Amino acid sequence: MGPAAVRTRVKICGITRAQDARAAAEAGADAIGLVFYPPSPRFLSTERAAEIRDALPPFVQTVALFVNADAAQIAQVLGRVKPGMLQFHGEESPDFCAQFGLPYIKACRVRQGVDLLKYLRPFAGASAWLLDSFVEAYGGVGERFDWSLAPRGLERPLVLSGGLDRGNVAEAVRTLRPWAVDVSSGVESAKGIKDAAKIADFISEVRHADV
């Protein structure tokens with residue numbers, strides 16, 4: 001089976017409402033992202049995150065996203081929300097990421113002059129490596145990076161993020177053939193408020209690119 005025959009997985013990140021989680025699931029999303037980074041406009045309390053998790057149908061993965069959180073904060077989320085996977089966007093070490101007994105994704109913010117492989121290879125225990133745009137604020141600002149900077153033949157599955165939307169995701173999938181794409185602001189009507197039609201259009205574009 002060639003890479004073009006693989007179904008690209010889709011994660012809708014920064015979900016803040018139960019109805020948006022259901023819309024993502026109904027459109028065919030494989031996972032949703034729950035943000036536990038307090039400066040983010042998409043930040044969730046553990047109680048709200050648990051409500052969103054409970055609104056999901058089966059077989060849709062919940063991913064808890066952290067940026068330089070301490071272990072106690074993460075343990076609190078795990079105890080209440082029970083996500084299926086963790087996603088680390090800060091300067092966490094490989095040992096830190098691995099200590100929680102859950103599969104995890106490690107993000108690297110892409111910019112000219114950053115040796116992506118040197119940064120990511122210590123995270124060989126990650127389920128996937130995520131490439132995101134380098135911006136001063138972490139995440140969800142709608143800026144894409146230069147896809148030519150993405151190394152090919154990574155040792156871990158590639159999750160592509162950063163500035164994706166229904167207008168460019170098909171090109172991204174055809175260009176890089178990632179294992180998954182991760183979108184937040186590109187399917188929103190306002191920060192943290194997802195648009196069901198945009199989600200459906202985004203996933204439809206991914207499916208067309210897979211064919």
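The following dialogue concerns aromatic pairs, charges over rings and one helix in a predicted model.

Colleague: Why is the pair of Phe 36 and Phe 66 called stacked?

Modeller: The ring centres lie 5.6 Å apart and the planes meet at 25 degrees. A pair requires centres within 6.5 Å, and planes under 30 degrees apart count as stacked, so both conditions are met.

Colleague: Which parts of the chain does this pair link?

Modeller: Phe 36 belongs to the loop between strand S2 (31-35) and helix H2 (46-54), whereas Phe 66 belongs to strand S3 (residues 61-66). The two are 30 residues apart, and the pair links distant parts of the chain. Both Phe 36 and Phe 66 are buried. Ring pairs also join them with Phe 88, Phe 96, Phe 100 and Tyr 104 in a cluster.

Colleague: What makes Arg 144 a charge over the face of Trp 147?

Modeller: Arg 144 lies over that face at 3.5 Å from the ring centre, and the distance limit is 6 Å. Lys 106 lies likewise over the face of Phe 123, at 5.3 Å from the ring centre.

Colleague: How do you know that the buried residues of helix H3 are on the same side?

Modeller: In H3 (residues 71-81), the residues Ile 74, Val 77, Leu 78 and Val 81 are buried. They cover an arc of only 100 degrees around the axis, and therefore share one side of H3. Ala 72 and Gln 76, on the other side, are exposed.

Colleague: What caps the N-terminal end of H3?

Modeller: Asp 70 does, with a side-chain oxygen 3.2 Å from the backbone nitrogen of Ala 72; the limit for a polar contact is 3.5 Å.

Methods: Residues are numbered from 1 along each chain as its sequence is written. This is a predicted model: local features need pLDDT of at least 70, side-chain atom pairs count only at pLDDT 80 or more; totals for chains, interfaces and linings use all residues. Side-chain values use heavy atoms; hydrogens and water are left out. Rings of Phe, Tyr and Trp (its six-membered ring) pair if their centres lie within 6.5 Å; planes under 30 degrees apart count as stacked, over 60 as edge-to-face and the rest as tilted. Helices (H or I, at least four residues) and strands (E, at least two) are DSSP runs, numbered from the N terminus. Buried means under 20% relative accessible area, exposed over 50%, partly exposed in between (1.4 Å probe, protein chains only). A charge sits over a ring if NZ of Lys or CZ of Arg is within 6 Å of the ring centre and within 35 degrees of the ring normal. The arc is that of the directions from the helix axis to the C-beta atoms. A polar contact is a pair of N or O atoms within 3.5 Å; within protein, one must be able to donate a hydrogen and the other to accept it, and residues adjacent in sequence count only if both atoms are side-chain atoms.
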